[in-house]
Each structure stands twice: as C-alpha cells, then as structure tokens.
Amino acid sequence: MDLGIADDDLATCVACGLCLPHCPTYRVTGEEALSPRGRVAAMRQVQWDGAAADPSFVRSLETCVQCRGCETACPSGVPFGRLIEPARTTLAEGAAGGPVSPPPRAFRLAVRTLRWHRVLLAGSSALAVAQRLRLVPRRLAARLGLPARLPVRRPRLRASGADVWLFTGCVMDAWQRDVHADVQRVVEAAGAGVALPGGEAACCGALAAHAGLGSEARRRAEATMRALPGDAPILVDAAGCGAQLKDYDHLLGTAEAAAFAARVRDVHEWLAEHLAALPAPAPGAERPRVAVQDPCHLRHVQRAHAAVRTVLAPYADVVELDDEGLCCGAGGAYAAVQPELAGAIRDRKLAAIRRSGAPAVASANPGCALHLAAAGVEAVHPCQVVARALTTPAGTPPGRRRPPPAG
Ligand code: SF4
Ligand code: SF4
C-alpha cells in the first residue's frame, strides 16, 4: 500500500534507536511497535514490502502523539512529521482502496464544527451553563479535556492597530479568550497595534491534520490565509496552531502559502525581539516562581522554546524541568482519543513538575495547559505571567512605548 510517504524520507532511518528514550509512548509502554524506530519499520513494511495495514499497524500509528521529540533526537535527520502525517491521512481518508481506519463520525463532525466559530462559541457557552448546573458527567468532562470552569461570557477583544495580527483560533478563543486578552495587552505594551482576524480564521486545521483529515486541514488553511491578508507579522499564542500555520507552505505547496508561513511567529519569538520595548515590572508586582513546560510543537517543531524563557526572565524566576522536554501527553485531541496513554504520559510530566518544586507551570500551548490543569497543576500562559507583572497591585495597566526600530 502506498502510504503517500516519499521513499527518500522513509529510507533515512538507520535503526540506531537513539530516539527511543525521547518517545513518550515508548517510555510508558516499552513496546518497540510504539517507538519511532518501530513505527518507521512498520511503515516500510506496508509501503515497500506489501504488508497489510492490519490492526497492529493502525495501533502503532494511531498511538503516536505526533510530538516530534524523535526528530529532535535523531542523528540521521529522519523527518518523522513527513512520515506520520501522510500515513495517518492514508489511513483516515484512504487512497484508491478507501479509508483503512477513518476517525469516528463524532470526531469528524467535531473537527468540521470548528470552522463555524459562532456555533462553537454558542455551544461552548451552553456547555458552560450545563457545567454550572452539574449536568456534564465528570468522565465526559475529563474525556473532552474541559476546563474546570468554562466561561459563559468572554472578554471582548478590540483591534488597536495594524502592526501585527493576533491569530485567535477556535477552541482557545472559546475556552481561554482571557489568555488572548493578556497576550494582546503585552504586545500592546511593547508598542504594537494589534489587528484581529474575522471568523474565517477560526481554525488553523491542526486538529484535522493530526487526525489524518488532510483535505479538511487544507480547506482550513486556505480560509485562514484569506482572513489574514497583507504583510504584517502573524503572532500566535498557541504552539500547536503556530506550528500548523508555519507548515502551510508544506501543506499547500504554493508560493502564496510560503509567503504566508514566513509571516507567522510564535508570540514569544516576536516579544523576545521587542523585549527592550516592554516596560519593567510594575512597582509592587509579585515576582512568581514558575516552571516552564515546553509544548512539543514549540520545542521540537518550531524550535522556539528558548524565547519563552527570554520573555519570562525579567518578570519571573524560571525553573527548568528535568525531563528534557518530554511530551505531556496532550497532543491536540490525543488526550480525548487515547486517554489511557495520555494519562500515563502525563504522570511522568507531573512527577517532573513535583520534583521542580515550582508552584505554577507556564505553558505556551492551551492544550498542554488544560491537560496539566485537569490533573491539578496551576497552569498559566507565559504571557499571563508577564501581563500580571506589568500590572500594579492596584490594577493600573502599563503605559505604551514604541518598539525599537527593526533590525
Ligand atoms: S528515527 Fe533516527 S534516532 Fe530513531 S532509530 Fe531511526 S535513525 Fe535512529
Ligand atoms: S512523534 Fe512522538 S510519540 Fe510519535 S514516534 Fe516520535 S517521539 Fe514517539
């Protein structure tokens, strides 16, 4: 079966096994089939040797968190994302022979609903009311990764200029718009006016891409590009969305997509370059102690995790975890579709957080923050730490300054 993987990419692995300790599913199961090396071998057998895409093959691929920790660890430069994504798409959408393992209908419907932002907001508010009335079963809430208290209402975001776009996304905008509000305040404090996209940019398509729904992911990419025109930088405060937006070049393969992807910056990358323009901590502001959790899509895909530390350093005492950036198990919808493995992987992260002794964790990805918060961790976005430090105990917002000249 042709899995849609370039043979040159599939040939890169030399089976050295150096990636195994960096793979969360191998760490919690010890199974070779659930390691990067085992998955590459299985993909070769199916694509090259005519082996059947049987249930054990499907399990091997569907249990991958797509954290790409193996890419960072691999000395041979195996582009694991370029292997697993087309293979998952072939399983989910099929080639000539039809899909082998399509995602459940409810999941496909949920992913498609993300494109209708008003429906998502209304549904989320209704769920919030049901949550207040204790009508949401605890198991369902845990399965969906719901915050302990979904917002019924959300702060209104207002555009303040056109220096940069702030990508607001789908689920994060419904569940954590307060984070967007704090990010906007911090970006404005660095002197930039912030433009906000309309509803067409409601979803970047990352969840669809990870589930193998490639055609839906391409439709979301095209809509998002239409909603963010011009040449202003596009700032993203969710690492998974930022990685997806930066990948539009590869996803769509057009010059327009390449130009769009080149404008995308994780918000911490942009803030690190404009740090001199940010005000000092407000008088009397507390200096918190926070551990940094590196979302995989920031550390292994965007390779921009150092910027989080640069931005936090003037405002907080940063504590490093001792697990070398191992995945937390959130993985987009992974915690919902693979709850046992996601929980086992998270347990390792929780142990690292406990060893750090930090009372709070800063995470630049909402999925990771919610996954950790569901286990009792005080999880905040790094920009929330900065926003709080810029505010005096009496609540006076920081004054605005102009950014330094480019270059
Ligand atoms: S993916 Fe890379 S690190 Fe892992 S076994 Fe293959 S060559 Fe070695
Ligand atoms: S992407 Fe992550 S879970 Fe998947 S094989 Fe690589 S290290 Fe393991």
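Let's start inside a sheet, at Ala-291: its bridge partner in β7 is Val-361. That pair belongs to a predicted model, like everything else here. Zoom out a little and you'll see strand β5 (residues 289-293) running parallel to strand β7 (residues 360-363), with four bridges joining them.

Those two strands are part of an open sheet of four, and if you walk across it you meet β6, β5, β7 and β8 in that order, with parallel pairing. At the edges sit β6 (317-320) and β8 (379-380), each of which pairs on one side only. Now look for helix α22 (residues 366-373), which packs on this sheet and touches β5, β7 and β8. The direction of α22 makes about 155° with that of β7.

Next, head back along the chain to another open sheet of four strands. Its order is β2-β1-β3-β4, and the pairing here is parallel. The edge strands are β2 (194-195) and β4 (264-266), and each of them pairs on one side only. Strand β1 (residues 164-167) pairs with β2 in the parallel sense, over two bridges. If you want a spot to click on, try Val-164, whose bridge partner in β2 is Val-194.

This sheet has helices packed on it too. Helix α11 (residues 177-189) touches β1, β2 and β3 (234-236), and its direction makes about 165° with that of β1. Helix α14 (residues 239-246) packs on the sheet as well, touching β1, β3 and β4. For α14, the angle is given against β4, and it comes to about 155°.

Now for the ligands. Where does ligand 1 sit? You'll find it in the largest cavity. The residues around ligand 1 include a run you can follow along the chain, Cys-13, Val-14, Ala-15, Cys-16, Gly-17, Leu-18 and Cys-19. Also among them are Arg-37, Cys-74, Pro-75, Ser-76 and Val-78. Sorted by class, that shell has nine nonpolar, two polar and one charged residues.

Ligand 2 takes up the second largest cavity. There are 13 residues around ligand 2, and the ones that come nearest are Cys-23, Arg-39, Cys-64, Cys-67 and Cys-70. Which elements give two or more residues to this shell? They are α2 (24-29) and α3 (36-49). By class, the shell around ligand 2 has eight nonpolar, three polar and two charged residues.

Key
Residues are numbered from 1 along each chain as its sequence is written. Chains are lettered from A and ligands numbered from 1 in the order in which they are written. This is a predicted model: local features need pLDDT of at least 70, side-chain atom pairs count only at pLDDT 80 or more; totals for chains, interfaces and linings use all residues. Side-chain values use heavy atoms; hydrogens and water are left out. Two strands pair if DSSP finds at least two bridges between them. Contact means heavy atoms within 4.5 Å. Axes are lines fitted to C-alpha atoms, for helices over the stretch in contact, and angles run from 0 to 180 degrees between N-to-C directions. A residue is near a molecule or strand if one of its heavy atoms lies within 4 Å of it. On a 1 Å grid over the protein atoms alone, a cavity is a set of points where a 1.4 Å probe fits but cannot get out, and a pocket is an open set with protein on both sides within 12 Å along at least five of seven lines; lining residues have an atom within 4 Å of a point. A molecule sits in a cavity or pocket if more than half of its atoms lie within 2 Å of its grid points. Ala, Val, Leu, Ile, Met, Phe, Trp, Tyr, Cys and Pro count as nonpolar, Asp, Glu, Lys and Arg as charged, and the others, Gly among them, as polar.
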